[in-house]
Protein chains: 2
Amino acid sequence: MSAPRLVGVLGGMGPLATLDFLQRLLDISGAQRDQEHVPTVTWNVPQIPDRQRALAGGGEDPLPAMLQGIARLNAAGATCIAIPCNTAHAWYGPLSAHSAAPILHIVDATVQALQAAPQPSQPSPARIGVIATRGALSQRLYQSRLEAAGLDYLTPTEQELDTLFTPGCYAIKANDIATGGQLLAQTAEALLARGATQLVMACTEVPIGLRHAAPELLALSVDPATALAQACLRHWRQG
Amino acid sequence: MSAPRLVGVLGGMGPLATLDFLQRLLDISGAQRDQEHVPTVTWNVPQIPDRQRALAGGGEDPLPAMLQGIARLNAAGATCIAIPCNTAHAWYGPLSAHSAAPILHIVDATVQALQAAPQPSQPSPARIGVIATRGALSQRLYQSRLEAAGLDYLTPTEQELDTLFTPGCYAIKANDIATGGQLLAQTAEALLARGATQLVMACTEVPIGLRHAAPELLALSVDPATALAQACLRHWRQG
């Protein structure tokens, strides 16, 4: 008899996004009572050096702190691990190599969700607009996996990143949802104008902005955090 | 040099209340950036036999499942443990006896918060109205500790439990906030009419109901979940 399944969550990047992810896992489980919810153990320790800065070549290496979390989640009995942070997946390789419990990849989960999503009724095949930070795009986190899955995609131009996406993201972070929502909606519209038929909101600010400024676009959009929660639910139900 | 402090949370009772508790811990920390938030490891495994039923003498013993969570939190490196569930504290003794990390008691934290709260400007000493489930009252979780602290208190009468508090609680659980809020506000008003000068909302439905139906009473009220989060914050800052 194998040990009961237990979803480990490597959180802290950041602590609010971690709670948002846990809330989604509750929301999608369809549980009628406490005992039907997915069991989780969550390492929400935000004392991790800044990932963006490290990727830009300037800061302290966050890998040791992430590896400590992975080790503790394994010690606590996790049978799989989810990391609700796109950028942290830049370190997926070394984290996986040090974890007995398999680590679910947020982009693999997103690709699965894209393949399962109803296709827009158009003559041409789906084309996926990836809304992500410059750092995530430079790591090719999404591009490499979309290519491997044979999915067509496009990304924001340098100019769209500079004038729409990046200021939009920072406006949301500064809690100016009106300005940020408009800029992020314009980023999405630019991708749709250039042929995107679906969107991936690969940055936690994007769903906040679109909910406010362009809720009609959410039906075309896949949220990687929700896709990762769905992957966790599948893991638990297989157990 | 001692290991860095890490707050362990024995959750799952229920899974939503656990997230609500973690959210409060974020809210009260006053953090300006991710790295300033309290580090936590949370065992949110709701596959625990029903505590109310067990206390009423009818159900499976929840203690083994709770002890497993305590053991895993210790294995993950917790330096203190919080249990954001009033009823679970009926098992505080055996849980504490099996934990290397000290377990913060939700009622001790509440008593501390009561002693720190500004006293209403009245000639007579403070009198605390305890709004709690019949199960929690029968365990004397609050009464014993309030007496030990020399604090005067009163509890709902049997009739108030039957006609106001219990149906109010179940209305909130069934998402009828209007009905539930009114019944819980009436419970609070009954305690105030009999001399209470402060209230303890020792059941997670109470703050939901009062926020809706009698927000003016919140200023007189102490919420044990917030008090427990404050105790966690103090533990972390001492480290």
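This section describes the symmetry, secondary structure and selected local features of a predicted two-chain model.

The two chains are considered as a pair to begin with. Chain A superposes on chain B by a rotation of 180°, with 0.0 Å of shift along the axis. The RMSD of this superposition is 0.0 Å. The two copies are therefore related as by a two-fold rotation axis. The interface fits this picture. Of the interface residues of chain A, 100% are also interface residues in chain B, so the copies meet through the same surface.

In chain A, strands E1 and E2 run parallel and are joined by four bridges. One of the pairings links A:Val7 to A:Thr40, its bridge partner in E2(A). Strand E2(A) is mostly covered, with five of its five residues buried. In a regular strand, side chains alternate between the two faces of the sheet. Both faces of E2(A) are covered. On one side lie the buried residues A:Thr40, A:Thr42 and A:Asn44. On the other side lie A:Val41 and A:Trp43, also buried.

Helix H3 of chain A comprises 13 residues, from 63 to 75. At 1.5 Å a residue, H3(A) should span 18 Å. Its end C-alpha atoms are 18 Å apart, which agrees with that expectation. The buried residues of H3(A) are A:Leu63, A:Met66, A:Gly69, A:Ile70 and A:Leu73. They cover an arc of only 120° around the axis, and so lie on the same side of H3(A). Several elements of chain A cover these buried residues. Among them are the strands E1 (7-10), E2 (40-44) and E3 (80-82). Helices H2 (51-55) and H4 (92-97) are also included in this cover. After H3(A) comes A:Gly77, with a positive phi near 100°.

Helix H7 of chain A has its own set of buried residues. These are A:Leu141, A:Tyr142, A:Gln143 and A:Leu146. Their cover includes both helices and strands of chain A. The helices include H5 (106-116), H6 and H11 (224-238). The strands include E4 (127-131), E5 (152-154) and E6 (198-201). H7(A) is followed by A:Gly150, which has a positive phi near 70°.

In chain B, an open sheet of four strands has the order E5-E4-E6-E7, with parallel pairing. Strands E5 (152-154) and E7 (221-222) stand at the edges of this sheet. Each has a single partner strand, so one side of each is left without a neighbour in the sheet. E5(B) pairs with strand E4 (residues 127-131) of chain B in the parallel sense, over three bridges. In this pairing, B:Leu154 of E5(B) is the bridge partner of B:Gly129.

Some backbone features were found in the loops of both chains. In chain A, a cis peptide bond joins A:Met13 and A:Gly14, with omega about -10°. A:Gly14 lies in the loop between E1 and helix H1 (15-28) of chain A. In chain B, B:Met13 and B:Gly14 are likewise joined by a cis peptide bond, and omega is about -10°. B:Gly14 is placed in the loop between strand E1 (7-10) and helix H1 (15-28) of chain B.

Positive phi values also occur outside glycine. A:Arg140 has a phi near 55°. This residue sits in the loop between helices H6 (134-138) and H7 (141-148) of chain A. A:Arg140 counts as partly exposed, at 36% relative accessibility. In chain B, phi of B:Arg140 is near 55°, again a positive value in a residue other than glycine. B:Arg140 is found in the loop between helix H6 (134-138) and helix H7 (141-148) of chain B. Its relative accessible area is 37%, so B:Arg140 is partly exposed.

The cysteines were examined for disulfides. A disulfide requires two cysteine sulfur atoms within 2.5 Å. By this rule, the count over all chains is zero. Two cysteines of chain B show why. The closest cysteine sulfur to that of B:Cys169 is in B:Cys203, at 3.5 Å, which is too far for a bond. B:Cys169 counts as buried, at 5% relative accessibility. For B:Cys232, the closest cysteine sulfur is in B:Cys80. The distance is 5.1 Å, again too far for a bond. B:Cys232 is buried, with a relative accessible area of 0%.

Note on methods:
Residues are numbered from 1 along each chain as its sequence is written. Chains are lettered from A and ligands numbered from 1 in the order in which they are written. This is a predicted model: local features need pLDDT of at least 70, side-chain atom pairs count only at pLDDT 80 or more; totals for chains, interfaces and linings use all residues. Side-chain values use heavy atoms; hydrogens and water are left out. Buried means under 20% relative accessible area, exposed over 50%, partly exposed in between (1.4 Å probe, protein chains only). Helices (H or I, at least four residues) and strands (E, at least two) are DSSP runs, numbered from the N terminus. The expected span of a helix is 1.5 Å times one less than its number of residues. The arc is that of the directions from the helix axis to the C-beta atoms. Contact means heavy atoms within 4.5 Å. Copies are superposed by least squares on the C-alpha atoms of residues with pLDDT of at least 70 in both. Two strands pair if DSSP finds at least two bridges between them.
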